[in-house]
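Reader: I'm new to reading protein structures. Could you walk me through this one?

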Amino acid sequence: MTTALLDTSTGTIRTAMIHIDDLDIVGIMHNARYALVLERAMSEFWGEHGYGFRDGRPSSPDLIAAVREFTITYHAPIRGTGPVSVQFWLDSMGETSAVYGFRFLSEDGATVYADGRRVMVKMDAKGRPAPWSPEARTIAAALLR
């Protein structure tokens, strides 16, 4: 088990609910659900800034992005349902890519369940890398480590 002190000065921290369907047969969070829970936490952050999908369309071209890389290291299992903390930040934001760091923590921040990184690439309508907008860069600045 990895322990940590909750550093609220890095990125943002979201509370995520772990539901019964997030668990595997032995009652711990299924490894594949971490990516989904992280996605929901990140969507909440961007949604607070007006980024989302309405009527089947993105509110901004910046939402057209793909995960290029996702790595995760599991330190301790999340055992059961209930709230966990999801902390994420930007290690860097390039012209067309963004490198997020993240970790899953107990609510008190004492236990690190998992950590990792996620690399996103912004794309144009044809699926080619495209630059992030100045608006997205301004919002993302709050997440930069």
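Below is a chat about the pocket, the salt bridges, the core and a few single residues.

Reader: Before we start, what kind of model is this?

Author: Good thing to settle first. Keep in mind for everything below that this is a model that was predicted.

Reader: Okay, let's look for a hollow. Which element gives the largest share of the lining of the largest pocket?

Author: That pocket has a volume of about 390 Å³, and among its 17 lining residues the closest to the centre are E39, W46, D62, L63 and M120. Two or more lining residues come from each of α1 (33-47), β7 (97-105) and β8 (111-122). The largest share, 4 residues, belongs to α1.

Reader: How many residues of that lining are nonpolar?

Author: Sort the lining residues by type. You get 2 polar and 3 charged ones, and the nonpolar ones number 12.

Reader: Now the charges. How many salt bridges are there?

Author: The rule asks for a side-chain nitrogen of Lys or Arg within 4 Å of a carboxyl oxygen of Asp or Glu. Go through the model with that rule and the count of salt bridges is 8.

Reader: Pick one for me. How far apart in sequence are the parts that R14 and E48 tie together?

Author: R14 and E48 form a salt bridge, with their closest N and O atoms 2.7 Å apart. R14 sits in strand β2 (residues 12-18), while E48 is in the loop between α1 and β3, so the parts they tie together are separated in sequence by 34 residues.

Reader: Is R14 buried or exposed?

Author: Buried means under 20% relative accessible area, and exposed means over 50%. E48 is at 51%, so it counts as exposed. R14 is at 9%, so R14 counts as buried.

Reader: And what about D22, buried or exposed?

Author: D22 meets R33 in a salt bridge, 2.8 Å from N to O. D22 lies in the loop between β2 and α1, and R33 in helix α1, so this pair links parts 11 residues apart in sequence. R33 has 22% relative accessibility and is therefore partly exposed. D22 has a relative accessible area of 0%, so D22 is buried.

Reader: Where does R145 lie?

Author: Start from its partner: D91 and R145 meet in a salt bridge at 3.7 Å, N to O. D91 is in strand β6 (residues 82-93), and the pair ties together parts 54 residues apart in sequence, because R145 lies in the segment after α2 (134-140).

Reader: Is R145 buried or exposed?

Author: Its partner D91, at 38% relative accessibility, counts as partly exposed. R145 has a relative accessible area of 63%, and the cut-off for exposed is over 50%, so R145 is exposed.

Reader: Which residues are joined into one network by salt bridges that share partners?

Author: You've already met R14 and E48 as a pair. Follow the shared partners and the network is made of R14, E44 and E48.

Reader: Let's go inside. Which element gives the largest share of the largest nonpolar core?

Author: In soluble globular proteins, nonpolar side chains tend to be buried together. Here the largest nonpolar core has 31 residues, and I78, V86, F88, Y100 and F104 have the most contacts inside it. At least two core residues come from each of β2, α1, β6, β7, β8 and α2. The largest share, 7 residues, is supplied by α1.

Reader: Which side chain makes a polar contact with the side chain of R103?

Author: First find R103 in strand β7. At 14% relative accessibility it falls under the 20% cut-off, so R103 counts as buried. Its side chain makes a polar contact, at 2.7 Å, with the side chain of Q87.

Reader: What is phi of D55 near?

Author: Look in the loop between β3 (53-54) and β4 (57-58), which is the place of D55. D55 is exposed, with a relative accessible area of 80%. Its phi is positive, in a residue other than glycine, and is near 55°.

Reader: Last one! How far apart in space are L144 and T10?

Author: L144 is in the segment after α2, and with a relative accessible area of 43% it is partly exposed. L144 and T10 are 134 residues apart in sequence, yet from C-alpha to C-alpha the distance in space is 7.8 Å.

Conventions. Residues are numbered from 1 along each chain as its sequence is written. This is a predicted model: local features need pLDDT of at least 70, side-chain atom pairs count only at pLDDT 80 or more; totals for chains, interfaces and linings use all residues. Side-chain values use heavy atoms; hydrogens and water are left out. On a 1 Å grid over the protein atoms alone, a cavity is a set of points where a 1.4 Å probe fits but cannot get out, and a pocket is an open set with protein on both sides within 12 Å along at least five of seven lines; lining residues have an atom within 4 Å of a point. Grid points are joined across faces, edges and corners, and a volume is the space filled by probe spheres set on the points. Ala, Val, Leu, Ile, Met, Phe, Trp, Tyr, Cys and Pro count as nonpolar, Asp, Glu, Lys and Arg as charged, and the others, Gly among them, as polar. Buried means under 20% relative accessible area, exposed over 50%, partly exposed in between (1.4 Å probe, protein chains only). A polar contact is a pair of N or O atoms within 3.5 Å; within protein, one must be able to donate a hydrogen and the other to accept it, and residues adjacent in sequence count only if both atoms are side-chain atoms. A nonpolar core is a set of buried Ala, Val, Leu, Ile, Met, Phe, Trp, Tyr and Cys residues joined through side-chain atoms within 4.5 Å.
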